[in-house]
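Here is a small protein chain to explore together. Have a look first, and then we'll go through some questions.

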Amino acid sequence: MYKDHRTVTEFVWEDFQGYKISKTMPYQVIIKDRIYGKTQFSYYAFSPKQRQEIFEILQSKC
């Protein structure tokens, strides 16, 4: 689940289609999902430790 001040996006791993990090500033994490399409948030929305944990989980699902 990802929640910001405007939206709540909840997805299941069966619908996960990968992720990428944009190559230009401002860096964005883009998670692709069969139901919601693309969910984007700032690369810096989370601490370095949190980012590492998130990317490890996402990578394990690719």
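Q: How many aromatic pairs does a search of the whole structure find?
A: First, a word on the source: this is a predicted model, where local features need pLDDT of at least 70, side-chain atom pairs count only at pLDDT 80 or more, and totals for chains, interfaces and linings use all residues. Residues are numbered from 1 along each chain as its sequence is written, and side-chain values use heavy atoms, with hydrogens and water left out. Rings of Phe, Tyr and Trp (its six-membered ring) pair if their centres lie within 6.5 Å; planes under 30 degrees apart count as stacked, over 60 as edge-to-face and the rest as tilted. Searching the whole structure that way turns up 6 aromatic pairs.

Q: Is the pair of tryptophan 13 and phenylalanine 16 stacked or edge-to-face?
A: Centre to centre, the rings of tryptophan 13 and phenylalanine 16 are 5.3 Å apart. Their planes meet at 80 degrees, and the pair is edge-to-face.

Q: Is phenylalanine 16 buried or exposed?
A: Buried means under 20% relative accessible area, exposed over 50%, and partly exposed in between (1.4 Å probe, protein chains only). Tryptophan 13 comes out at 43%, so that one is partly exposed. Phenylalanine 16 has a relative accessible area of 11%, so it counts as buried.

Q: Which residues do ring pairs link into a cluster?
A: Tyrosine 43 is partly exposed at 22% relative accessibility, while tyrosine 44 is exposed at 52%. The cluster linked by ring pairs takes in both of these tyrosines, and its full list is Tyr19, Tyr27, Tyr43, Tyr44 and Phe55.

Q: In what order do the elements of the chain run from the N terminus on?
A: Helices (H or I, at least four residues) and strands (E, at least two) are DSSP runs, numbered from the N terminus. The chain has 1 helix and 5 strands. Starting at the N terminus, the order is β-β-β-β-β-α.

Q: What is the radius of gyration of the chain, and why does it agree with a compact globule?
A: The radius is taken over C-alpha atoms, and the globule rule is 2.2 Å times the number of residues to the power 0.38. With 62 residues, a compact globule would come out near 11 Å, and the chain agrees because its own value is 11 Å.

Q: Which residues does a cis peptide bond join?
A: One partner sits in the loop between strand S3 (16-21) and strand S4 (28-33). Omega is about -5 degrees at this bond, and the residues joined are methionine 25 and proline 26.

Q: Which residues does aspartate 15 touch, not counting residues up to four places away in sequence?
A: Aspartate 15 is in the loop between strand S2 (8-9) and S3, and it is buried at 16% relative accessible area. Contact means heavy atoms within 4.5 Å. On that basis, aspartate 15 touches Lys32, Asp33, Arg34 and Ile35.

Q: Leaving aside neighbours within four places in sequence, which residues is threonine 39 in contact with?
A: Threonine 39 belongs to strand S5 (residues 37-42). With a relative accessible area of 6%, threonine 39 is buried. Its contacts beyond those neighbours are Tyr2, Thr9, Val29, Ile30 and Ile31.
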